[in-house]
Amino acid sequence: MLGTHPDIAFVVIKMSQFLANPSQDHLEKAMYIMHYLVGTQDYHVVYDGRINEGLIAHTDSDWAGDPIKRRSTTGFFASLASGIVCWQSRLQKTVALSSTEAEYMAMSDTC
């Protein structure tokens, strides 16, 4: 998943948190992910060397998206020649007191 399908990295990691005791809702969401994979099996990451772009990074975060620990989720990806070369999505290490603080923490993690 991490090497071939970065688009589902977050949901697969989130779903893995419920492996010990999945509910019917979790199984339905797993089937939704499987249907998505079948529908996108012809998608590829393409690197275009003709485009004169350097390393470009994008980041985003939510604010207190984890209802249990109240931590925010940070996600980023970096692209080179219009192709993604690295990405990550994870919970932030500390609780952000505002959405602005969550965004600043996300930018810091990306750098």
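Which residues make a nonpolar surface patch of about 490 Å²?

**View 1. A nonpolar patch lies on the surface of this predicted model.** Val45, Tyr47, Leu55, Leu80 and Val85 make the patch. Its area is about 490 Å². Val45 sits in the loop between α2 (24-39) and β1. Its relative accessibility is 45%, so Val45 counts as partly exposed.

**View 2. Three strands form an open sheet.** The order is β1-β2-β3, and the pairing is antiparallel. The edges belong to β1 (56-61) and β3 (83-91). Each edge strand has a single partner, so one side of each has no neighbour in the sheet. On average, neighbouring strands are turned by 10° against each other, direction ignored. Strands of a sheet pair through backbone hydrogen bonds.

**View 3. Strand β2 meets β3.** Strand β2 covers residues 73-80. Eight bridges join β2 to β3, and the two run antiparallel. Leu80 stands opposite Gly83 in β3. Leu80 also belongs to the nonpolar patch of View 1.

**View 4. Helix α3 packs on the sheet.** This helix spans residues 99-110. Helix α3 touches β1, β2 and β3. The direction of α3 makes about 145° with that of β1.

**View 5. Thr110 of helix α3 is buried.** Is Thr110 buried or exposed, and why? Its relative accessibility is 19%, and buried means under 20%, so Thr110 counts as buried. Which residues does Thr110 contact, leaving aside its neighbours within four places in sequence? They are Ala57, Thr59 and Phe76.

How values were computed
Residues numbered from 1 in each chain as written. Predicted model: local features only at pLDDT ≥ 70, side-chain atom pairs only at ≥ 80, totals over all residues. Heavy atoms only, no water. Pairing = 2+ DSSP bridges. Helix = DSSP H or I, 4+ residues; strand = E, 2+ residues; numbered from the N terminus. Axes fitted to C-alpha atoms, helices over the stretch in contact; angles between N-to-C directions. Contact = heavy atoms within 4.5 Å. Buried < 20%, exposed > 50% of the residue type's maximum accessible area, 1.4 Å probe, protein only. Patch = residues over 30% accessible without salt bridge, like charges linked within 9 Å, V, L, I, M, F, W, Y side chains within 5 Å. Areas by Shrake-Rupley, 256 points an atom, 1.4 Å probe, with all protein chains shown as cover. Salt bridge = Lys/Arg side-chain N within 4 Å of Asp/Glu carboxyl O.
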